[in-house]
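Grab a pencil and work through these exercises with the structure open beside you. Try each task on your own before reading its solution.

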Amino acid sequence: MWGKIIHWIEVRIGLEELVNKHLREFHTPKGATFWSTFGFVVLIAFIVQVITGIMLLLYYIPHPEYAFKSVQTITNEIPYGWLFRSIHNVGGNILMAAIIIHLVHVFLRVSYKKPREITWVTGVLMFFLVQFTLISGHLLPWHQTGFWQTTVTSSVPAFIPVIGEGISSYLRGGEFVTGVTLSRYFSFHVVILPVFIVALIFLHVLLIRRQGLSTSAIVEPDTDTAPSDEFRREVHLESQPCFPNFATKRLFIVMSYCTVLFFIMTFFPNLFLPAEANIQADPMATPELIRPAWYFLAPYQLLKIIPNDILGISLITIFCVVLLFWPFFDPTDTGRNIHKRPLLLSLALIVLVLWAILTIWGMYS
Amino acid sequence: MMRYFIIPLVVLIGIVSTGPSQASYRETFEKEFMLSPWHIAAGEISACIQCHTSDNMGPEMHEITQQWKESFHAKHNVSCHDCHGGAPEDASMSMMHQRGFKGSPKDLDIPEFCGTCHIAILNSYLKSGHGKTFIETGEGPNCVTCHGSHNIQRASMDIINEQLCSQCHTYDRAQEMKQALFMVESKLSNVEETLDRLKLSGINVDNQEKFFYRNHAGFRALSHSINVDAVRIKSGDYIKKLEIIESEINESFNQLKFRKNFYAYLLLLFIGLSIVAFLLSKSYEQK
């Protein structure tokens with residue numbers, strides 16, 4: 001019976017050839033370790049967000065008078081609504097963490113160099129877009145935490161000279177966070193940003209499929225040579241078929257992602273949903289402490305400690321632009337082995353340590 | 001080639017430049033669908049508070065607003081006009097009697113003034129010894145004697161104390177009343193605390209809260225009758241009603257426990273699958 005079904009499909013779509021071409025014949029280099037699978041985790045985490053998001057969307061009402069009540073109904077009345085909401089809430093934060101780990105790994109491997117500049121740019125763009133998607137999602141349940149976080153984060157662009165006020169006002173749909181803001185953030189969170197992210201995912205994956213998976217110049221020193229001016233897939237002498245070798249690594253890391261997800265949900269269910277996230281938004285009651293989400297704490301703290309707003313926002317903008325186009329700033333005649341590039345390694349470590357310090361500082365200030 | 005850039009640019013400029021002409025549409029849209037009730041809420045605070053905190057007013061007026069800000073009323077968005085009437089959204093008309101402005105009540109009008117909202121308590125008070133004495137003689141305790149005026153805090157059993165009650169009569173009678181109230185009051189306070197805890201854990205307790213506050217208000221109204229026998233007789237009924245809420249609270253805690261167990265089960269499942277996947281990947285690595 002099973003064989004007949006497979007044969008039926010095989011005749012129509014050539015499954016065997018598809019699996020051979022895209023999985024068995026697609027080889028991954030020796031240097032592709034567990035760390036190399038984080039990009040795949042990001043993809044799976046994003047799909048989980050889309051599925052749980054769609055489930056929530058079935059009952060969510062994007063209006064200030066009903067948003068909080070509808071989320072409460074999802075959590076308490078709809079069968080297993082609490083499970084979907086919890087996965088969506090915790091999953092979003094893990095997605096962000098996985099993107100950061102992936103980004104740092106790619107940077108430390110210097111995998112962004114020619115011919116993978118566009119892959120890097122699309123990845124960093126996705127990093128920014130996912131961040132904004134998560135921030136816009138905070139407002140949707142219309143609770144105290146999300147309302148006041150949005151009040152803070154939507155005021156950040158206002159520091160940009162000339163156009164800043166306009167951007168803030170456009171995001172909020174006015175001077176304050178109101179129902180108009182909820183409507184806009186709902187559109188951003190559910191349609192606009194996901195469409196761009198999906199487009200970028202396609203481009204990112206297409207480039208990886210065309211160029212092959214990047215390897216480590218430390219594990220495979222042969223790859224630390226100047227790339228050709230013509231399109232050429234890298235040849236790895238000790239490569240392994242993607243399926244099943246690398247696929248089992250991916251399976252392990254995806255299972256680990258699920259383990260972390262349910263670990264947080266079991267032991268720290270309120271880690272990303274503090275007590276105030278269960279109180280309806282009240283513009284007349286400002287909480288004692290307003291703090292943006294953990295991934296936005298570093299830039300927020302930087303803006304707080306630099307007395308000159310324009311200087312603060314300029315530093316953040318410059319950092320974002322440099323990060324986005326980093327492959328074009330990195331000298332072309334340098335190698336890919338990070339051990340032979342102490343300056344680059346120091347730069348990466350300084351940025352990471354600063355980011356961690358600012359985040360912790362923001363958490364306790 | 002340039003036309004591919006110029007045409008969209010012209011269209012974009014056109015859209016942006018027509019923005020202001022659409023302002024009236026946007027305004028209508030926002031007022032109709034999006035801003036209410038936040039827009040009104042923002043307006044309410046402005047006229048009364050702004051004027052009473054301005055330099056035109058003396059320090060005693062500033063103190064009134066400060067006391068209100070720290071009160072239980074302020075915490076629950078009961079604003080100036082809810083008691084004093086008027087039009088807080090319109091500074092020029094805010095104190096016009098035509099707009100319902102009542103001003104400060106005379107002493108004898110205080111029970112009716114507070115009773116606008118606290119209806120059951122007013123009825124109970126008027127039938128009590130306190131109320132009868134006050135209405136007949138103009139002397140004796142009214143609402144503000146025990147609760148204050150602008151700095152109203154949440155009432156508790158501590159409000160019945162020797163210092164306050166012995167201003168008019170011996171404390172023995174008050175103490176007897178306090179003892180009669182004790183059992184239900186302590187249960188009320190426990191149930192309320194647990195409901196708050198559940199609410200902050202993400203459980204919807206709207207129905208339980210409504211039932212709770214109906215009973216809470218009923219018992220508080222009863223306590224204003226200062227009739228010890230009536231309180232003792234009806235305490236049993238209130239305890240039974242509160243026990244119904246407690247059983248629903250227990251169900252909610254069981255639901256939270258079920259969720260935690262469900263997450264833990266999935267956690268164990270994925271730990272197992274992770275181990276299997278890890279061993280599988282290692283075995284392929286060796287091959």
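**Exercise 1: A buried residue with an unusual phi**

A:W142 has 23 other C-beta atoms within 10 Å, so A:W142 is buried. The cut-offs: a residue is buried if 20 or more other C-beta atoms lie within 10 Å of its own, exposed if 12 or fewer, and partly exposed in between, with C-beta atoms placed from the backbone. A quick word on the ground rules: this is a predicted model, where local features need pLDDT of at least 70, side-chain atom pairs count only at pLDDT 80 or more, and totals for chains, interfaces and linings use all residues. Residues are numbered from 1 along each chain as its sequence is written, while chains are lettered from A and ligands numbered from 1 in the order in which they are written.

Task: find where A:W142 lies, and work out what its phi is near.

Step 1. A:W142 sits in the loop between α6 and α7 of chain A. Helices (H or I, at least four residues) and strands (E, at least two) are DSSP runs, numbered from the N terminus.

Step 2. The phi of A:W142 is near 55 degrees, which is positive even though the residue is not glycine. Most residues other than glycine have a negative phi, and most peptide bonds are trans.

Step 3. Now look at B:I226, in the loop between α13 and α14 of chain B. Its phi is positive too, near 45 degrees, in a residue other than glycine. B:I226 counts as buried because it has 20 C-beta neighbours inside 10 Å.

**Exercise 2: Cis peptide bonds**

Task: what kind of peptide bond joins A:K114 and A:P115, and where is A:P115 found?

Step 1. The bond joining A:K114 and A:P115 is cis, with omega about 10 degrees. A:P115 belongs to the loop between α5 and α6 (117-139) of chain A.

Step 2. A:F243 and A:P244 are also joined by a cis peptide bond, and here omega is about 5 degrees. A:P244 is in helix α10 of chain A.

**Exercise 3: Buried, exposed or partly exposed?**

Task: put A:A158 and B:Q98 into the right class.

Step 1. A:A158 is in the loop between α7 (144-153) and α8 (164-172) of chain A. It has 17 C-beta neighbours inside 10 Å, so A:A158 is partly exposed.

Step 2. Leave aside the neighbours within four places in sequence, and A:A158 is in contact with A:G164, A:E165 and A:S168. Contact means that the C-beta atoms of two residues, placed from the backbone, lie within 7 Å.

Step 3. B:Q98 is in the loop between α6 (80-84) and α7 (110-115) of chain B. With 7 other C-beta atoms within 10 Å, B:Q98 is exposed.

Step 4. Finish with whole chains: 38% of the 365 residues of chain A count as buried, and in chain B buried residues make up 19% of 287.

**Exercise 4: Two helices side by side**

Task: how are α3 (residues 38-57) and α5 (residues 81-108) of chain A packed?

Step 1. Two packed helices are described by the angle between their axes and the distance between the axes. For α3(A) and α5(A), the angle is about 160 degrees and the axes are 9 Å apart. Axes are lines fitted to C-alpha atoms, for helices over the stretch in contact, and angles run from 0 to 180 degrees between N-to-C directions.

Step 2. That angle makes α3(A) roughly antiparallel to α5(A). Angles under 35 degrees count as roughly parallel, over 145 as roughly antiparallel, 65 to 115 as roughly perpendicular and the rest as oblique.

Step 3. Sorted by class, the contact of α3(A) with α5(A) has 15 nonpolar, nine polar and one charged residues. Ala, Val, Leu, Ile, Met, Phe, Trp, Tyr, Cys and Pro are nonpolar, Asp, Glu, Lys and Arg are charged, and the others, Gly among them, are polar.

**Exercise 5: Where the chains touch**

Task: how many residues does each chain give to the contact, and which helix of chain A supplies the largest share of its side?

Step 1. Chain A gives 28 residues and chain B gives 27 residues.

Step 2. On the chain A side, α10(A) supplies the largest share, 14 residues.

Step 3. The chain A side divides into 15 nonpolar, twelve polar and one charged residues.
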